[in-house]
Every structure is written in structure tokens, then in C-alpha cells.
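Here is a short report on packing and charge pairing in one protein chain. Please read it with the model open.

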Amino acid sequence: MDSTKVIKSNTIESLLFFPNEPEFKASNVKSSSTTTLLMAHPNRLANAHVLIFGGTSGIGFGVANMALSYGARVTISGSGQPKVDQKVEKLRSFYPDIPVSNIAGFACDLRDKENMEANITALFEKATEGGKTKIDHVVFTAGDPVGLPQVKEVTVESALAGFTVRFVAPALIAKVLSTGKYVSLTADSSFTLTGGTNTYRPFPGWTYPAAWMGAVDGLVKGLANDMQPFRVNLVIPGAIQTELLQGMLDKIGDEAAKKMARDNSLTNSFGQPEDIAEAYGYLMRDRFASGSFVTCDGGRLLVTPSPGETKSLG
């Protein structure tokens, strides 16, 4: 074999698993990549532009905070401009040395089905100055309160309600991104969506939320194929102590909340927004991650219920 043979995708496994074969020795093989391991590890979020749908609270706000700590430029979006402005100022207060222009926010109503695509396009126009300054990473953590329809009472409207923001909105965001006007359609850029462990282990009475987020799983896999080499991934949260969950915990009391944490994780705790933000950061930084699902659930899917015990967050 030619000692200067360039590695092809079908021979990398041979290099890994047969390192002692002369033709596969690393010293005899020239890689087609220009990357070298003999360099300082790069901060891939430094100076990157990250746009976060649902960035005014909970997980999305945690992702914005994390990205700024790595030196990224951040744009957050929420349903109302007053709250967006308030959260932009809060983020700026965390990082007073960062130029104020590096932290921006614009409202985008994702519940308006008739104007959703126009609203999304308008947001990207504002965030990129009409496509002049492209976004590197888009994160979707948005949701809306749609209730919890039960099997015996479900209607067409209530069964479909959870798809509007959770599924249709990211589907249309992908459509807008696919034009290439607002992001570079390369492996350097990404779109990260949000799922949930309830899809894989539904709580009693949570049939329809499991279906809504299960559709997002399929969307991510399909988009990763259709938009390649641009990367599309999914973060799957367990019980994260956001404002939404805290409101629920306040109603049940401290002892019941502690029991819920023990019953639904191996860590005997709830996750924090700053914990799960790291999962989104990983998927943005890893340029070889596409179609990937990253779970941050404290081991919830491994928890074994006590005999006869029914666990539920509801």
C-alpha cells in the first residue's frame, strides 16, 4: 500500500482497530484533514452569535447566560418585548464588561399561526441586520401553556394545541434557516431543539405531551438529514427547576417537593438551568454532533418505581 495514502471515511475504522498493521500505521497515513492535535483547545463559542427562542426564562435564559460566559454574542427572543427588554438588561448586568451591543433581544409571537413564518423571518432580519451578520447557532427552548388534555376528554383542538409552538414553530424556523441568508449552512453552525423525558417514560395522564415532544424527536432526525452538513440536534431535559416547575413545587410544599426530586432522579435533586445549559453548549461546540440526542435528566429514565407507586409531576 502507498505509504502516503489519504484516509477515506471507510478506512478510518481500520486505523483505529488495526493500529499494528503496517498499511494502517498512523505514521504511514496522511490525513485529509488540516486539523492538528498539537494546539491549544479552542473556545468555539467565543465571538459566535447565538440566537435563543424562549430565551427570557428558564432553560433558554440559562443557555443565554452560559453562552455569554464563553464570550458569545447573544440574541434572545420571547413573546413580548417588555419582558425581552427586562431580561436583556439583566444579562447585561451579569456581564458589565461586555459591549451592550453583544446582548440584544426581540419579541417574536410563535402562537400566531397565521403570521408565524412572517414573525420568525422578521426576527432573523433584525438579529442579522438583514442577513449582513449571520447567526452561528440557533437554540429553541420555547413553549406555551396549553393544558394537559386527558384521554377521556380530549378534543381535536386540545390534542393539536401542543404542536403549534413546540413542533410547527421549529419546523418553520428550519425553513427560514434553509435559505442560507441568516446562517452559514456548514457544520460550524447548528440548530438545537428541546425535547423531554416524558416522551420515553410518560407520567400517568401525560399522553399528549409525550406525543407532542415525540414528534420533535422525528423532526430533529429528519432535519439533520435534509439540512446537512448544517447540524441539527436535540436536548432532552428531565425535571429542571425553572420558574414553571417552581410554581408547581410551591403548591405542593417543601417535603413533597423533596420527595418528588428523590423519586424522579438518581441525584435526589432537580436540575438547574445552568446545568442543562452545558448540554446545549456541547452541541453547539461539537462540530461532529448532528442528529444527536443529549439527555440531562439526573438519571430519571433509570429510576425504578417502588412497587405499587405511581410517580407523576402532575
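Which residue forms a salt bridge with Arg287? The partner is Asp188, with the closest N and O atoms 3.5 Å apart. Note that this is a predicted model.

**Salt bridges**

The structure holds eight salt bridges. Three of them are listed here.

| Pair | Closest N to O distance |
|---|---|
| Arg92 and Glu89 | 2.9 Å |
| Arg166 and Asp144 | 2.6 Å |
| Arg287 and Asp188 | 3.5 Å |

Take Arg287 and Asp188. This pair links distant parts of the chain, 99 residues apart. Arg287 lies in the loop between α10 (273–285) and β7 (293–296). Asp188 lies in the loop between α6 and β5. Arg287 has 39% relative accessibility, so it counts as partly exposed. Asp188 is partly exposed too, with a relative accessible area of 44%.

Arg166 and Asp144 also join distant parts of the chain, with their positions 22 residues apart. Arg166 sits in helix α6. Asp144 sits in the loop between β4 and α5 (156–161). Are these two side chains buried or exposed? Arg166 is buried, at a relative accessible area of 17%. Asp144 is buried as well, at 14%. The cut-off for buried is under 20%.

Arg92 and Glu89 make a local pair within one element. Both lie in helix α3 (residues 81–94), three residues apart, about one turn of the helix. Arg92 is partly exposed, at 24% relative accessibility. Glu89 is partly exposed, with a relative accessible area of 46%.

**Nonpolar cores**

In soluble globular proteins, nonpolar side chains tend to be buried together. How many residues does the largest nonpolar core have here? There are 36. Phe53, Leu110, Phe124 and Phe191 have the most contacts inside this core. Helices and strands both contribute. The elements giving two or more residues are β1 (49–53), α4 (116–127), β4 (137–140), α6 (163–177), β5 (190–194), α7 (207–226) and β6 (231–237). Helix α7 supplies the largest share, eight residues.

Phe124 is a useful residue to display. Leaving aside residues up to four places away in sequence, Phe124 touches Leu51, Phe53, Ile135 and Val138. Phe124 also touches Ile173, Val176, Leu177 and Tyr182.

Another core, of 31 residues, lies apart from this one. Its members include Leu68, Ala72, Ile98 and Ala279.

Terms used:
Residues are numbered from 1 along each chain as its sequence is written. This is a predicted model: local features need pLDDT of at least 70, side-chain atom pairs count only at pLDDT 80 or more; totals for chains, interfaces and linings use all residues. Side-chain values use heavy atoms; hydrogens and water are left out. A nonpolar core is a set of buried Ala, Val, Leu, Ile, Met, Phe, Trp, Tyr and Cys residues joined through side-chain atoms within 4.5 Å. Buried means under 20% relative accessible area, exposed over 50%, partly exposed in between (1.4 Å probe, protein chains only). Helices (H or I, at least four residues) and strands (E, at least two) are DSSP runs, numbered from the N terminus. Contact means heavy atoms within 4.5 Å. A salt bridge is a side-chain nitrogen of Lys or Arg within 4 Å of a carboxyl oxygen of Asp or Glu.
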